[in-house]
Amino acid sequence: MAKDKTSRKAPMGSGRDALMQAFREAQRPLRLDMLLRILGLHRKEKRTLEESLEALQAEGRILRLRGGAWGLTDHMKMVTGTLQVQRTGMGFVLPEDRRRTDIYVHPTQMGEAWHGDKVVVVLLPGGRGRNPEGRIVRILERGLKEMPARVVKRMGRQGLLCRAADARIKVHFLVDVTGLEGKPQKDDILVVSPGERVEDGLWAATAVRHLGSEDDVSVQERLVKINHGVPTEFPVPVLEEAATLPPAPGGGDFADRIDLRHMEFVTIDGARARDFDDAICVEEQGKGWRLWVAIADVSHYVRPGSAMDREALERSNSYYFPQSVEPMLPEALSNGLCSLNPRVPRLAMVAEIYFFGEGSPGKCKFYPAVIESKARLTYGQVNRALLLGDEEERLVLRPVLPMLEQAEKLARVLHQRRRERGSLDFDLPEPEIAFNIYGETVDIRRKVRHFGHQIVEEFMIAANEAVARFLTEKEADFLYRVHPEPEPEKLSALFKVLAGTDIAQGLPREASAGALQTVLQKAHGSAQEFLISRLTLRTMMQARYSPEHEGHFGLASACYCHFTSPIRRYADLVVHRALKRALGGDPGPTPAGGKLVAIADQLSQHERKAMEAEREILKRLTVLLLRSRVGETLTGVISSILDFGFFVELNEVLADGMVRLSSLDDDYYAFIPERQELRGERTGRTFRLGQQVKVRLADVNVGRLEVNLELVREEGDDTPVPPRRRSAASGRDGSGRGGRGRSRHDATPRVKASPDASPEASADGDMPDGDRLPPWIRAATEEDDPRDTTRTRRRRDDDASSRDGGDRRRGRSRNEGARGAGNPARGKAPRDGAGGDRKKGDGRDGKDGQAGGKPAGKGQSRKGKASSHRKGQGRVKKSDE
């Protein structure tokens with residue numbers, strides 16, 4: 001009996017294993033009383049047992065049934081997870097059990113679940129594709145307790161009909177506004193608290209606060225922050241803890257540090273940057289150079305387990321928006337005590353690396369130091385002084401100019417060496433947003449990039465690699481930044497497409513990851529460069545954090561981590577603590593084993609959240625800007641082709657929209673995926689990636705994030721466009737041919753006026769990490785350092801210079817689910833790949849393709865054919881470091 005009592009007192013940490021064993025041995029669902037008997041527990045331990053059951057349910061291992069019993073999800077073919085919905089309506093459940101593949105859920109199988117909800121999904125037999133299919137059977141928890149909604153119209157004296165402002169949540173609300181001051185107007189944005197369901201697609205709700213007009217950029221920013229759960233205000237304990245820190249480091253802080261205040265360190269950032277993570281200094285020594293990279297020593301102030309540390313981990317990274325930032329650390333640290341501001345002493349962790357003349361690294365040293373930045377420089381200043389030879393700028397920078405000239409020489413050598421080893425560079429346009437004095441968006445233009453940006457990026461990559469190599473040699477527990485090679489089937493598909501291009505003769509015989517740089521080099525400067533860059537980018541995998549050493553494909557780096565941005569990324573803070581411990585210091589407890597894996601997964605997920613929020617705000621501002629240009633004729637290039645239309649990247653403004661096949665009535669078009677083209681069956685007319693076209697901006701919709709384009713007929717284009725009549729009886733064109741007898745199972749799909757059910761276009765293109773603030777999110781200035789942009793969510797993130805975002809270290813699901821080709825990535829050269837871990841935000845790529853239904857025109861059926869050039873018809877939905 002004594003033995004039994006001892007076993008009953010076993011801690012519930014081991015009790016979870018006992019619980020799982022009890023369920024497996026019982027081979028059926030168990031109620032609470034039966035579990036108490038099986039485990040030999042006293043009723044006083046009932047509450048502890050319930051807590052363990054709830055913890056197992058949170059992990060997705062068991063599920064409470066409606067009758068009150070608990071059962072193993074594996075045996076019930078049920079899975080718990082979080083629902084992620086695309087703008088097309090299709091979605092995936094991301095299982096709590098991360099060993100599982102994401103589960104595809106068709107819109108008709110979602111029930112009353114919304115994007116972000118924690119749900120239970122039952123697996124359906126006969127799933128298609130790589131992802132199992134399921135049906136949502138229960139909502140465990142709403143993802144958002146409050147959400148933004150746009151006012152549609154007034155309903156009674158104290159009620160409003162509103163639509164969810166997040167295009168992924170397709171519901172309306174009857175909103176009680178009695179608690180609000182003032183009267184919201186049509187198209188204003190409210191924050192509402194949903195209540196009970198009134199009828200299908202309509203819910204009761206209570207207005208919590210009034211954000212303002214949807215035309216206001218700040219309102220759009222707050223809306224996006226709520227949609228994505230971006231943290232805003234810091235908890236009081238965090239602010240109180242930050243307030244106890246001194247305004248500047250004192251004498252005691254300098255103990256056991258190397259004093260480098262005499263050295264010519266400088267920071268180089270965008271013109272509007274406020275937090276400076278890194279400073280650099282270069283000296284020519286013999287036939288080589290010595291590089292010092294000093295990184296803010298955040299770990300000296302943010303101790304493991306402190307209130308600031310817990311909040312930093314919860315946030316995982318900073319979140320950047322065009323007119324605001326939500327930092328990972330309180331402003332007293334991010335812009336003050338930790339920031340390497342000029343002409344003040346600051347604590348830093350230094351990587352000192354010697355490079356031989358050809359760029360290979362020699363001896364490396366790492367140590368805590370105190371430095372003093374001699375100048376806060378901008379990219380524009382460096383460009384004018386070093387690259388353009390501006391005498392006035394050179395005079396201003398004269399005290400540090402000799403050091404900068406050596407820095408440029410070293411950076412060029414490192415850049416060339418990195419290219420030779422196989423690092424991928426994608427020369428894609430980056431956007432920057434320009435605002436007027438009233439805060440209104442006036443332009444979204446291509447950012448001019450120069451080697452002034454590249455100098456620091458090369459040094460950040462070098463420092464990241466050096467730290468990763470050192471910690472690997474020391475067998476330390478830390479987080480790598482990993483980027484897997486592309487999947488063989490994606491490479492094979494890419495090379496099949498490339499075989500039909502002008503560079504076919506120069507293609508390597510075998511489709512391999514190592515051949516991709518050769519492909520990009522051969523395409524450089526050719527008419528095929530646009531096409532090949534985007535197709536190659538789509539093959540890339542998603543970069544992520546991991547305690548496992550797997551290498552970084554995009555950078556062609558065998559050993560890589562994030563060390564250079566601890567002010568804005570928690571992963572870098574983890575690496576700093578591991579480095580201090582490896583050097584014999586005491587940074588406090590450092591995570592290892594399963595805890596480190598959990599941190600890696602969380603950081604990767606939150607990085608993804610930050611990327612999605614930044615892409616959404618860019619899309620929203622793009623649509624706001626284009627509203628005033630509806631009806632204009634614009635030019636552009638076809639950037640993505642799908643079976644229901646094609647996306648056009650505009651020349652006049654860095655934005656894209658869609659031309660749907662339902663707006664073309666001159667032919668039936670077949671989509672040929674292996675050639676990435678649409679071909680007319682009768683006329684032979686083709687639309688290809690990279691093709692220049694002229695379009696008319698037909699319509700935009702902020703709520704749905706749609707940019708709708710119509711093709712404009714060029715002069716001299718005498719392709720006959722015979723009139724077609726719609727037959728009410730047949731529901732097809734008057735010709736009565738309809739599908740022309742072709743089976744819907746034909747290998748080459750024939751597409752005409754049927755885009756409504758098409759999946760969202762996507763090509764999640766991730767560009768390898770930049771270690772700097774994404775400059776596109778700031779008001780444009782000539783020194784700004786932009787970062788990109790939009791990207792879609794159905795394909796796996798292209799990150800070979802991919803912005804490295806985290807995708808939970810599982811299969812391709814969440815980014816590939818809905819079928820269809822992706823919309824090309826659109827960031828500048830890889831920040832992880834071709835440019836390093838430098839700029840905040842990492843380069844992003846890709847556009848979010850969004851297939852949407854076309855409203856019926858006057859006297860026209862929804863499924864009927866749209867007029868080719870009629871405003872208001874042929875609507876489509878607009879579809880990343």
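This report describes aromatic contacts, a strand barrel and a hairpin in one protein chain. The model is predicted.

**Aromatic rings**

The number of aromatic pairs comes to eight. One of them joins Y354 and F356 in an edge-to-face arrangement, with 5.3 Å from centre to centre and 85° between the planes. A pair of aromatic rings is described by the distance of the centres and the angle of the planes. The arrangement of Y354 and F356 counts as edge-to-face because an angle over 60 degrees between the planes defines that class, and the angle here is 85°.

The two partners can also be described by their accessibility. Y354 has a relative accessible area of 16%, and it is therefore classed as buried, the limit being under 20%. F356 has a relative accessible area of 41%; this value is classed as partly exposed because it lies between the limits of 20% and 50%.

Elsewhere, W114, F173 and W203 are linked into a cluster by ring pairs. W114 also has an arginine, R142, over its face. A second placement of this kind involves R315 and the ring of F234. Both are set out below.

| Arginine | Ring beneath | Distance to ring centre |
|---|---|---|
| R142 | W114 | 3.8 Å |
| R315 | F234 | 3.7 Å |

**The barrel and its helices**

Five strands close into a barrel, in the order β26-β27-β28-β33-β32, and their pairing is mixed. On average, neighbouring strands of this sheet are turned by 50° against each other, with direction ignored.

Strand β26 (residues 633–642) and strand β32 (residues 692–701) run antiparallel and are joined by five bridges. Within this pairing, L634 stands opposite V695 of β32.

Two helices pack on the sheet. Helix α16 (residues 529–538) touches β26 and β27 (645–650), and its direction makes about 40° with that of β26. Helix α18 (residues 593–626) touches β32 and β33 (706–711); the direction of α18 makes about 95° with that of β32.

**The hairpin of β22 and β23**

Strand β22 (residues 431–435) pairs with strand β23 (residues 441–446) in the antiparallel sense, over five bridges. P431 has R446 in β23 as its bridge partner. Five residues lie between the strands of this hairpin, and G439 takes a positive phi near 80°.

Notes:
Residues numbered from 1 in each chain as written. Predicted model: local features only at pLDDT ≥ 70, side-chain atom pairs only at ≥ 80, totals over all residues. Heavy atoms only, no water. Phe/Tyr/Trp six-rings, centres within 6.5 Å; stacked < 30°, edge-to-face > 60°. Buried < 20%, exposed > 50% of the residue type's maximum accessible area, 1.4 Å probe, protein only. Lys NZ or Arg CZ within 6 Å of the ring centre and 35° of its normal. Pairing = 2+ DSSP bridges. Helix = DSSP H or I, 4+ residues; strand = E, 2+ residues; numbered from the N terminus. Axes fitted to C-alpha atoms, helices over the stretch in contact; angles between N-to-C directions. Contact = heavy atoms within 4.5 Å.
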